[in-house]
Amino acid sequence: MSAKNASFTDVETIRKRARMHMEAGAVTEGYSADRATVLKVLNETLATEIVCVLRYKRHYYMASGIHAKSIAAEFLEHANEEQGHADQIATRIVQLGGAPDLSPDGLSSRAHSEYSEGSDLVQMIEEDLVAERIAIDTYREIIQYLGNDDPTTRRMLETILASEEEHAEDLSTMLQQLGKKGEPPSEKLRASRAKL
Ligand SMILES: [Fe+2]
Ligand SMILES: [Fe+2]
């Protein structure tokens, strides 16, 4: 049986490299991803999360107003989790030497998902499900793009992706509980399904 060929950079070279460009912080010479692209994509992801926070908050207050307490609580939980995702992404952007774009100008055009208000509970849940499905597909694509070039960003997005999949699952369950199981989905949901 032949031993696996392992070639590691020698300690001296690693030490020398680490001392050069210390101002680059966590970004070392071994970082092989295209940093400008990663930062751009992460800022779009950050915008997506913030739009999701705002949409879930809106839905939380509106559902509270129509006395749908358990659904409102679910919306609030999702809003808080999206905020957590936004914080993780902003932290990573800074680690990579970038700056988180938190400008309200152009926020919705930077985001992948939309801010849709929805006029009743079912529509709100459907809009949230559409947004989650967009996030799931976009994040999966970014994860594939990152591959082994930036494993830290990739792992972070993998964790966030798993959370968005849980959100989508929660929303589907809510639709079923509202008796929407088996009914034809609304136009918008159908369009999103066809696209993905
Ligand atoms: Fe999220
Ligand atoms: Fe989500």
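1. Is Asp 101 buried, partly exposed or exposed? In this predicted model, Asp 101 has a relative accessible area of 27% and is therefore partly exposed, since the buried class ends under 20% and the exposed class begins over 50%. Its side chain meets that of Arg 110 in a salt bridge, with an N to O distance of 3.3 Å, and Arg 110, at 17% relative accessibility, counts as buried. The count of salt bridges in the model comes to eight, and two further examples are taken up below.

2. The metal site deserves a careful reading. The iron ion (ligand 2) is coordinated by Glu 82 (OE), by Glu 132 (OE), which is listed twice, by Glu 164 (OE) and by His 167 (ND1), at 2.0 to 2.3 Å. Along the sequence, the donor residues of this iron ion (ligand 2) follow the spacing E-x49-E-x31-E-x2-H. Glu 82 also bridges the iron ion (ligand 2) and the iron ion (ligand 1), and these two ions lie 3.9 Å apart.

3. Two of these donors, taken as a pair, link distant parts of the chain: Glu 132 belongs to helix H5 (residues 121–146), while His 167 belongs to helix H6 (residues 151–177), and 35 residues separate them. Glu 132 and His 167 are both buried.

4. A second link between distant parts of the chain is the salt bridge in which the side chains of Asp 150 and Arg 92 meet, at 3.0 Å from N to O. Because Asp 150 lies in the loop between H5 and H6 whereas Arg 92 lies in helix H3 (residues 69–95), the pair ties together parts that are 58 residues apart in sequence. Asp 150 and Arg 92 are both buried.

5. Thr 153, which is found in helix H6, makes polar contacts with both members of that salt bridge: its side chain is joined to the side chain of Arg 92 by a polar contact of 2.8 Å, and to the side chain of Asp 150 by another of 2.7 Å. At 1% relative accessibility, Thr 153 counts as buried. When neighbours within four places in sequence are left aside, Thr 153 is in contact with Val 38, Leu 42, Arg 92, Leu 96 and Leu 146.

6. Val 38, one of the residues in contact with Thr 153, has its place in helix H2 (residues 35–65) and, at 2% relative accessibility, counts as buried. Not counting residues up to four places away in sequence, Val 38 touches Tyr 31, Ala 33, Leu 96, Tyr 145, Leu 146, Asp 150 and Thr 153. For Val 38 and Leu 146, which are 108 residues apart along the chain, the C-alpha atoms are separated by 8.1 Å.

7. Helix H5 can be described in some detail. H5 has 26 residues and reaches 37 Å from its first C-alpha to its last, which is close to the 38 Å expected at 1.5 Å a residue, and 19 of its 26 residues are buried, leaving the helix mostly covered. The N-terminal end of H5 is capped by Asp 120, with a side-chain oxygen 3.3 Å from the backbone nitrogen of Val 122, and H5 is followed by Gly 147, whose phi is positive, near 45°.

8. Within H5, the side chains of Arg 140 and Asp 137 meet in a salt bridge of 3.1 Å, N to O; the two residues are three residues apart, about one turn of the helix. Arg 140 is partly exposed, with a relative accessible area of 35%, and Asp 137 is likewise partly exposed, with a relative accessible area of 29%. Through salt bridges that share partners, Asp 137, Arg 140 and Glu 165 are joined into one network.

9. The last point concerns the nonpolar interior. The largest nonpolar core has 44 residues, and those with the most contacts inside it are Leu 42, Phe 75 and Leu 157. H2, H3, H5 and H6 each supply at least two residues of this core, and the largest share, eleven residues, comes from H5. Leu 157 touches Leu 42, Thr 45, Ile 142, Ile 143 and Leu 146, again not counting residues up to four places away in sequence. As general background, nonpolar side chains tend to be buried together in soluble globular proteins.

Methods
Residues are numbered from 1 along each chain as its sequence is written. Chains are lettered from A and ligands numbered from 1 in the order in which they are written. This is a predicted model: local features need pLDDT of at least 70, side-chain atom pairs count only at pLDDT 80 or more; totals for chains, interfaces and linings use all residues. Side-chain values use heavy atoms; hydrogens and water are left out. Donors are N, O and S atoms within 2.8 Å of the metal (3.2 Å for Na, K and Ca); water is not among the atoms, so sites may look incomplete. Helices (H or I, at least four residues) and strands (E, at least two) are DSSP runs, numbered from the N terminus. Buried means under 20% relative accessible area, exposed over 50%, partly exposed in between (1.4 Å probe, protein chains only). A salt bridge is a side-chain nitrogen of Lys or Arg within 4 Å of a carboxyl oxygen of Asp or Glu. The expected span of a helix is 1.5 Å times one less than its number of residues. A polar contact is a pair of N or O atoms within 3.5 Å; within protein, one must be able to donate a hydrogen and the other to accept it, and residues adjacent in sequence count only if both atoms are side-chain atoms. Contact means heavy atoms within 4.5 Å. A nonpolar core is a set of buried Ala, Val, Leu, Ile, Met, Phe, Trp, Tyr and Cys residues joined through side-chain atoms within 4.5 Å.
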